[in-house]
Amino acid sequence: IASRERVDAIILCGDVTGWRESSDIIKPLSETKIPIFVVPGNWDSFESIDFLSEIYEMNNLHGRHFIFEDIALVGVGGGHPSPTPISEEEISYLLKKSSDKVKDISKKILVTHLHPAGSKSEFSGIGGSRAIRNAVKYIQPNFLLHGHIHEASGMEEKIGNTNVINVGKEGRVFEI
């Protein structure tokens, strides 16, 4: 789909290892030569995403920011239950640290694995992250892309002026 749609970048919101063969997902994407940005999900270890990022030349967004063309990408991964547990305090710290470096860039994408607290994805009975919800207010991204709740794949909503999308395993093409 990425090549057919001529996308400028591919963003993976986690869960690329752990319960399926990661080479079935990442290798075909890397062969497109389209830049890939990734955060670890609750099925991924931080180390496995670091390792795969190096092998497949992906940009690991966990606790980092990247400027891609005229767009700032800020990310944080991890979740619960998981080999990558992350506290609300750590999410807040990592997102604030990264977002402070891109505050003057007008186009922003926040990439997380967990969904924000109070979002539609909570229909699952799994609460979202208050730190991510607060980051939406602080960063004011154009988009928040997340995964985590697989049953909510494709679900979209607005939080303030931010478009929130659970990209799911099918993915989503959008323009910023």
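**View 1. A three-stranded open sheet with parallel pairing.** The strands of this open sheet run in the order β1-β2-β3, and the pairing is parallel. This view, like the others here, comes from a predicted model. On the edges sit β1 (10-12) and β3 (59-60), each with a pairing partner on one side only. Zooming in on β2 (residues 36-38), we find 2 bridges tying it to β3, with the two strands running parallel. One residue pair to look for is F37 and its bridge partner in β3, N59. As a reminder, strands of a sheet pair through backbone hydrogen bonds, either parallel or antiparallel.

**View 2. Strand β6, with β5 and β7 as partners.** Here we look at β6 (residues 107-112), where 5 of the 6 residues are buried, so the strand is largely enclosed by the rest of the structure. β5 (residues 71-76) runs parallel to β6, and 6 bridges join the two. β7 (residues 143-146) also pairs with β6 in parallel fashion, this time through 3 bridges. I109 makes a handy landmark: L73 stands opposite I109 in β6, and I109 in turn stands opposite F143 in β7.

**View 3. H146 and its surroundings.** H146 belongs to strand β7. Is H146 buried or exposed? Its relative accessibility is just 2%, so H146 counts as buried, the cut-off for that being under 20%. Setting aside neighbours within four places in sequence, H146 is in contact with a run of residues that includes T112, H113, L114, H115 and P116. C13 and S121 are also among the contacts of H146, and so are V164, I165, N166, V167 and G168.

**View 4. The β8-β9 hairpin.** β8 and β9 form a hairpin with 2 residues between them. In the turn, keep an eye on G160, which has a positive phi of about 60°. The two strands, β8 (residues 156-159) and β9 (residues 162-166), run antiparallel and are joined by 4 bridges. K158 has N163 as its bridge partner in β9. β8 also has two quite distinct sides: E157 and I159 make up a covered face, while E156 and K158 make up an uncovered one. It's worth recalling that in a regular strand the side chains alternate between the two faces of the sheet.

**View 5. Helices α4 and α5 packed side by side.** The axes of α4 (residues 88-100) and α5 (residues 130-139) come within 9 Å and cross at roughly 20°. The two helices are therefore roughly parallel to each other, since angles under 35 degrees count that way. As for handedness, α4 passes α5 in a right-handed crossing. On the α4 side, the contact is made by E88, I91, S92, L95, K96, S99 and D100. On the α5 side, the contributors are R130, A131, I132, A135, Y138 and I139. Sorted by class, this contact of α4 with α5 has 7 nonpolar, 2 polar and 4 charged residues.

**View 6. E47 in helix α3.** Our last close-up shows E47, which lies in α3 (residues 46-55). With 56% relative accessibility, E47 counts as exposed, because that label applies over 50%. How far apart are E47 and T84 in sequence and in space? They are 37 residues apart along the chain and 9.3 Å apart in space, going C-alpha to C-alpha.

Conventions. Residues numbered from 1 in each chain as written. Predicted model: local features only at pLDDT ≥ 70, side-chain atom pairs only at ≥ 80, totals over all residues. Heavy atoms only, no water. Buried < 20%, exposed > 50% of the residue type's maximum accessible area, 1.4 Å probe, protein only. Axes fitted to C-alpha atoms, helices over the stretch in contact; angles between N-to-C directions. Parallel < 35°, antiparallel > 145°, perpendicular 65-115°, else oblique. Left-handed = near helix turned anticlockwise from the far one by under 90°. Contact = heavy atoms within 4.5 Å. Nonpolar A, V, L, I, M, F, W, Y, C, P; charged D, E, K, R; others polar. Pairing = 2+ DSSP bridges.
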